[in-house]
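Biologist: I am new to this structure. Please take a close look at one part for me, the surroundings of the ligand.

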Amino acid sequence: NDASLMSVKPVIGIIGGSGLYDISGLTDQQWVTVETPWGSPSDQLLTGNLNGVSCVFLPRHGRGHGISPSEVNYHANIAAMKKLGVTDIVSVSAVGSLKEELAPGTFVVVDQVIDRTRLRNKSFFGTGLVAHVSLADPFCQRIGQVLFENAKTLGLSVVQGGTYLVMEGPQFSTRAESNLYRSWGASVIGMTNMPEAALAREAEICYATVAMVTDYDCWHEDHDAVSVEAVIKTLTANASNARSLVSKVIPSLGHTRKECYAGCCHALNHAIITAPHK
Ligand code: ADE
């Protein structure tokens, strides 16, 4: 169809998790305030240019990390990105490992999600307009591939594919829960990627996550159970790797391209079930 032939000049959004609070090498930097019908995003958004590519950065928990995973206004964050014209979002998220081979310091380009959150509104739709988008593949495969290739080029320890279990938090898991999630085959555990990924899909924004492993959660008999201290220690040790990856990925994603082959930018085609008003 004609839509698939359209050219897109991408605007790259970065949602930084714990440990990532800006973008290295960004020119024309400006922190801008954006309001949305869903309220205020986590912070101002940092707009700028990297090698001629427009980008927008948002610290998920606010600069200073004052917003807990359950309190993040995911709707406003995604809506603010949409308002600034963002077409592609790279989410950087600290996670615990649920597999022996995913040691702290590993980057995982996740491709699946199990959503165990309970307190979050998960959709832009409802109250008069109902839509059911597909989340069969919750992450954009095109961006995921670019993340993986760039991480490899940088010599990072990176794994392609994995299931991200999203828990409510803010407490970490019990050992029984951690072992349950392992039995389900989940790879990593974190507190933020849902409903973020789902809302990006509803907003027809391509979205992928690179998860940075900071700890072995609490299941591993040879490692202490996860603590904030341990998470911050690994994050600090890996901060420069994460920053290098982000600064390399933005130019790689920034070329004018055809619309995403993965279909994220047409997620609402055939998704709306409410009858049109007569
Ligand atoms: N973020 C970093 N490590 C985590 C863990 N073990 N559980 C949940 N979220 C995390």
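Modeller: Here is a walk through the ligand site, with a short view of the whole protein at the end. This is a predicted model, where local features need pLDDT of at least 70, side-chain atom pairs count only at pLDDT 80 or more, and totals for chains, interfaces and linings use all residues. Residues are numbered from 1 along each chain as its sequence is written, and side-chain values use heavy atoms, with hydrogens and water left out.

Start with the place. The ligand sits in the largest pocket. A pocket is found on a 1 Å grid over the protein atoms alone, as an open set of points where a 1.4 Å probe fits, with protein on both sides within 12 Å along at least five of seven lines. To sit there, a molecule needs more than half of its atoms within 2 Å of the grid points.

Now the shell. Around the ligand are A94, V95, G96, M167, F172, I189, G190, M191, T214, D215, D217 and V226. Each has a heavy atom within 4 Å of the ligand. By class, 7 are nonpolar, 3 polar and 2 charged. Here Ala, Val, Leu, Ile, Met, Phe, Trp, Tyr, Cys and Pro count as nonpolar, Asp, Glu, Lys and Arg as charged, and the others, Gly among them, as polar.

Which strands supply at least two residues each of this shell? They are β6 (88–97), β11 (188–190) and β12 (206–215). The largest share, 3 residues, comes from β6. Strands are DSSP runs of E, at least two residues long, and helices are runs of H or I, at least four, both numbered from the N terminus.

Next, the polar contacts, pairs of N or O atoms within 3.5 Å. A polar side-chain atom of D215 lies 2.7 Å from a ligand nitrogen. For D217, a side-chain N or O atom is 2.8 Å from a nitrogen of the ligand. G96 uses its backbone: an N or O atom there lies 3.2 Å from a ligand nitrogen. Taken alone, the ligand exposes 260 Å², and the protein buries 94% of that. These areas come from the Shrake-Rupley method with a 1.4 Å probe.

Last, the whole protein. It has 5 helices and 13 strands. Its radius of gyration, taken over C-alpha atoms, is 18 Å, close to the 19 Å that the globule rule gives for 278 residues, so the protein is as compact as a globular protein of that length. That rule is 2.2 Å times the number of residues to the power 0.38.

Technical notes
A polar contact is a pair of N or O atoms within 3.5 Å; within protein, one must be able to donate a hydrogen and the other to accept it, and residues adjacent in sequence count only if both atoms are side-chain atoms. On a 1 Å grid over the protein atoms alone, a cavity is a set of points where a 1.4 Å probe fits but cannot get out, and a pocket is an open set with protein on both sides within 12 Å along at least five of seven lines; lining residues have an atom within 4 Å of a point.
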